Amino acid sequence: MKPFAYLRAERAEDALDAFAARPGAQFLAGGTNLIDLMKLGVTAPAALVDIGRLPLDGIDETPEGGLLVGATVRNSDLAAHPGVRAQWTALSQALLAGASPQLRNTATTGGNLLQRTRCPYFQDTSKPCNKRAPGTGCPAREGAHRDLAVLGHSPHCVATHPSDMAVALAAFDARVHLLGPEGPRTVPVRDFHRLPGDRPEQDTVIRPGELITGVTLPPPPTGARSAYRKARDRASYAFALASVAAVLHVEDGVVRHAALAFGGLAHKPWRARVAEDLLTGAPAGEETYARAVEAELSAAEPLRDNAFKVPLARNLAVSVLNALSSPSEGGPTPS
């Protein structure tokens, strides 16, 4: 690990000023991903601006009945929040599926959104990688890509985004609040992360010097239920091979609202707009769910060793939608 300067900010404005004054600086919150990347030599910031003491650790109800979650709220606190568990159930489930208890006690809401891919070529500095060193190539396309993308990838990158939390936030139409040199702005979570295209080094739409200050969860649709389910190689802490977050409202046997997002399949949480359009207004039931999810996943372009992800994601999604529309004792709680 290379030497770096360390500064602690007490106000958001101080953090922005410290960042601007030191080219090559990065913000530090929980550090669960950033410090690992520094140890691996993947990133070498000239300075770390610690935002851990900024007053961004609250979870507050909005006037509309949603929640404003501060950027430094710990994942464990957000998962355990009674309101999140009751109304945004899929988010609590995603957070609890996302890491070990030790990591959840340290990782933050903003940091979770900004975590970087676990593609082995990105993390190994002895290998070429367009995301880490633009223009060097993507050996994963012909190499070890079993865990990598089947949707939205490009010749330049087949990495996947590792966050579970972000998948649930995308399904709930959450919004990310940013503060930067040009002032505050808000970006929908579904638009916050990018597909790789020809610039895979740029994970998000965040601008240089911008700081995440919080995330807003809008009120869930009346009568909707939600759930998150994840398939992984082992039951203990592991990243998703495929995951799904679903928000569903069925009334009189008809789907009145459907929101669906996939994780582990793309460079970003994949909001399933094709499936949602087919589900809304259709009769609730396994045949409808299967047809809608199949249509969504028809866009998949699996590589040599990861075609299994397509039926895996399909089966996960249909199973979750079935459970949400046929509640039974011990099943998912209403969102």
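In this predicted model, G143 sits in the loop that links α8 (120-123) and α9. With a relative accessible area of 21%, G143 is classed as partly exposed, because a residue counts as buried only under 20%. Apart from neighbours within four places in sequence, G143 touches Y121, R304 and D305. Y6 offers a reference point towards the start of the chain: 137 residues separate Y6 from G143 in sequence, and 38 Å lies between their C-alpha atoms.

Two further loop residues invite a look at their backbone angles. Most residues other than glycine have a negative phi. D173, although not a glycine, has a positive phi of about 60°, and D252 likewise is not a glycine yet has a positive phi of about 55°. D173 belongs to the loop between α9 and β6, whereas D252 is placed in the loop between β10 (242-251) and β11 (254-263). As for accessibility, D173 is partly exposed, with a relative accessible area of 29%. D252, at 69% relative accessibility, counts as exposed because that value is over 50%.

Beyond the loop that holds D173 comes a pair of strands. Strand β6 (residues 175-180) and strand β7 (residues 183-188) run antiparallel and are joined by six bridges. The connection between β6 and β7 is a hairpin of two residues. Within this pairing, L178 faces R185 of β7.

L178 also appears among the contacts of I212, a residue of strand β8 (residues 211-217). I212 has a relative accessibility of 5% and is therefore counted as buried. Setting aside neighbours within four places in sequence, the contacts of I212 include L56, A71, G110, L113 and L114, together with V176, H177 and L178. F192 and I206 are also in contact with I212. The C-alpha atoms of I212 and F27 are 9.8 Å apart, although 185 residues separate the two along the chain.

F27 leads in turn to another strand pairing, where its bridge partner in β3 is V49. Strands β2 (residues 25-28) and β3 (residues 47-50) run parallel, with four bridges between them. Together with helix α2 (residues 34-40), β2 and β3 form a right-handed β-α-β unit.

Strand β8, which holds I212, is also one of the elements packed against the buried residues of helix α5. Seven of the nine residues of α5 (residues 89-97) are buried, so this helix is largely enclosed by the rest of the structure. The buried set consists of T89, A90, L91, S92, A94, L95 and A97. Around these residues are the helices α3 (75-80), α4 (82-87), α6 (101-104) and α9 (165-171), as well as the strands β8 and β9 (225-231).

Attention now turns to the empty space in the model. Rolling a probe the size of a water molecule over the atoms shows where such space is left. Two cavities of 30 Å³ or more are present in the structure. The largest cavity has a volume of about 80 Å³, and 15 residues line it. Nearest to the centre of this largest cavity are C119, C129, C138, C157 and A159. Its lining comprises ten nonpolar, four polar and one charged residues.

The second largest cavity holds about 50 Å³ of space. Its lining is made up of Q115, R116, T117, K131, T160, H161, D203 and H267. By class, the lining of this second largest cavity contains no nonpolar residues, five polar and three charged.

T160 lines the second largest cavity and also figures in the description of an open site, the second largest pocket. That pocket has a volume of about 330 Å³. Its lining has 24 residues, and those closest to the centre of the pocket are R118, D147, T160, F239 and A240. The classes represented in the lining of the second largest pocket are ten nonpolar, eight polar and six charged residues.

Key. Residues are numbered from 1 along each chain as its sequence is written. This is a predicted model: local features need pLDDT of at least 70, side-chain atom pairs count only at pLDDT 80 or more; totals for chains, interfaces and linings use all residues. Side-chain values use heavy atoms; hydrogens and water are left out. Two strands pair if DSSP finds at least two bridges between them. A crossover is right-handed if, with the strands pointing away from the viewer, the path from the first strand over the helix to the second runs clockwise. On a 1 Å grid over the protein atoms alone, a cavity is a set of points where a 1.4 Å probe fits but cannot get out, and a pocket is an open set with protein on both sides within 12 Å along at least five of seven lines; lining residues have an atom within 4 Å of a point. Grid points are joined across faces, edges and corners, and a volume is the space filled by probe spheres set on the points. Ala, Val, Leu, Ile, Met, Phe, Trp, Tyr, Cys and Pro count as nonpolar, Asp, Glu, Lys and Arg as charged, and the others, Gly among them, as polar. Buried means under 20% relative accessible area, exposed over 50%, partly exposed in between (1.4 Å probe, protein chains only). Contact means heavy atoms within 4.5 Å.
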